[in-house]
Amino acid sequence: MWVTLMDTVQALYELQEMEGDLQKSKADLAEVVSRLDHNEGVARSRDRAARAKQAFTKLQLQQGELDVDVQATAARLKELEQRLYSGNTAASKDLLALQHEIKFTKEKQADLEEKLLAKMEQVEAGQKAVATIDAELASVESAWETEIPTLQQKQEQLEQHAKDVAQWYESAEAAVTPVDLKTYRVLQKSKGTAIAKVERGMCSGCTIAIPSHELQKLRTSTTPMRCSNCGRFLYTG
Ligand SMILES: [Zn+2]
C-alpha cells in the first residue's frame, strides 16, 4: 500500500513538474521564434542607415541648388561687367544704376559662395556618417546571421523536448486514478498548483507548518494526504 500511495502522489507531482516544464518550453520556443523572426538591433540599425542616407541625399540636393545659383550669379556678373566696359552706357544715371547692380550681384555671389562652401562641408560630414552607419549595420547583420543557426538549433531542441514531455505526460497521467486526477485538476484550477512538497515540516504551497501528528500520519498513511490548511496534496519526495 505504501508503494501504491507514493506512486499516486509522485505521479501527480511528476505531472505538475511536466506541466511547468511544458509551459516553460513553450515560452522559450515563442521567444526563439520571435528572435528568428525579428531582430531589434538589426531593425534599429537599418532604420538609422536609411535616415542617414535620406539626410545625405537632401544635403546633396541643396548643394546642387546652391551650385546652380552660384553659376547663374557669376554669369549675370560677367554680363553686367561686359556692359560696363563696353562703354555703351553713356548716360551717367544708367552708369550709376549699373555700378549698383554690379556691387549688389558681387555681394550676392560672395554670400552664395560662402553658403556653398558650408554646404560642401555638411555633405562631406554626411558622407562620413553614412559610411560609419553602413559599417555598423554590416557588422550587426553579420552577427545576426551567425546567430540564426544557433537559434534554429535551439528551436529544434525545444520542439523535440516538448514532444518528449508530452509523451511522458501521457504515461504519467495514465498511472493516476480518475478520481485523484479530478481532485488534482480542481486544486490546480483554484490554487495554481495541486501538489505541495513537504519541506522542513512545512507545506511548500501555503508555507504553514504541518502539525506533528499529521507529519506522523504522512509517514504511515496508505492514502494520499492533503494539507489541512490549503488542501494541496502533500508530497514528501
Ligand atoms: Zn498547505
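**Reading a zinc site and a long helix**

Student: What spacing do the donors of the zinc ion follow along the chain?

Tutor: In this predicted model, the donors of the zinc ion follow the spacing C-x2-C-x20-C-x2-C along the chain. Cys-206 and Cys-227 link distant parts of the chain, being 21 residues apart, with Cys-206 in the loop between β2 (202-203) and α5 (212-220), and Cys-227 in the loop between α5 and β3 (233-235).

Student: Which atoms coordinate the zinc ion, and why is their arrangement called tetrahedral?

Tutor: Four donors count as tetrahedral if all angles lie between 85 and 135 degrees. Here the SG atoms of Cys-203, Cys-206, Cys-227 and Cys-230 coordinate the zinc ion at 2.2 to 2.3 Å, and the arrangement is tetrahedral because the four donor atoms subtend angles of 104 to 115° around the ion.

Student: Are Cys-206 and Cys-227 buried or exposed?

Tutor: A residue counts as buried under 20% relative accessible area. Cys-206 has a relative accessibility of 18%, so Cys-206 counts as buried, and Cys-227, with a relative accessible area of 7%, is buried as well.

Student: How should I read helix α3, and where does a kink lie in it?

Tutor: One can set the span of a helix beside the span expected at 1.5 Å a residue. Helix α3 (residues 92-174) has 83 residues and reaches 116 Å from its first C-alpha to its last, which is close to the expected 123 Å. A kink of about 30° lies at Glu-147, shortly before the proline Pro-149.

Student: What separates the centres of domain 1 and domain 2?

Tutor: The chain is divided into domain 1 (2-32 + 177-235) and domain 2 (39-148), and their centres, taken over C-alpha atoms, are separated by 76 Å.

Key: Residues numbered from 1 in each chain as written. Predicted model: local features only at pLDDT ≥ 70, side-chain atom pairs only at ≥ 80, totals over all residues. Heavy atoms only, no water. Donors = N, O, S within 2.8 Å, 3.2 Å for Na, K, Ca; no water. Tetrahedral: all angles 85-135°; square planar, octahedral: opposite > 155°, others 65-115°. Helix = DSSP H or I, 4+ residues; strand = E, 2+ residues; numbered from the N terminus. Buried < 20%, exposed > 50% of the residue type's maximum accessible area, 1.4 Å probe, protein only. Bend = angle between axes of the 7 residues up to and from the residue. Domains from an automatic or database assignment.
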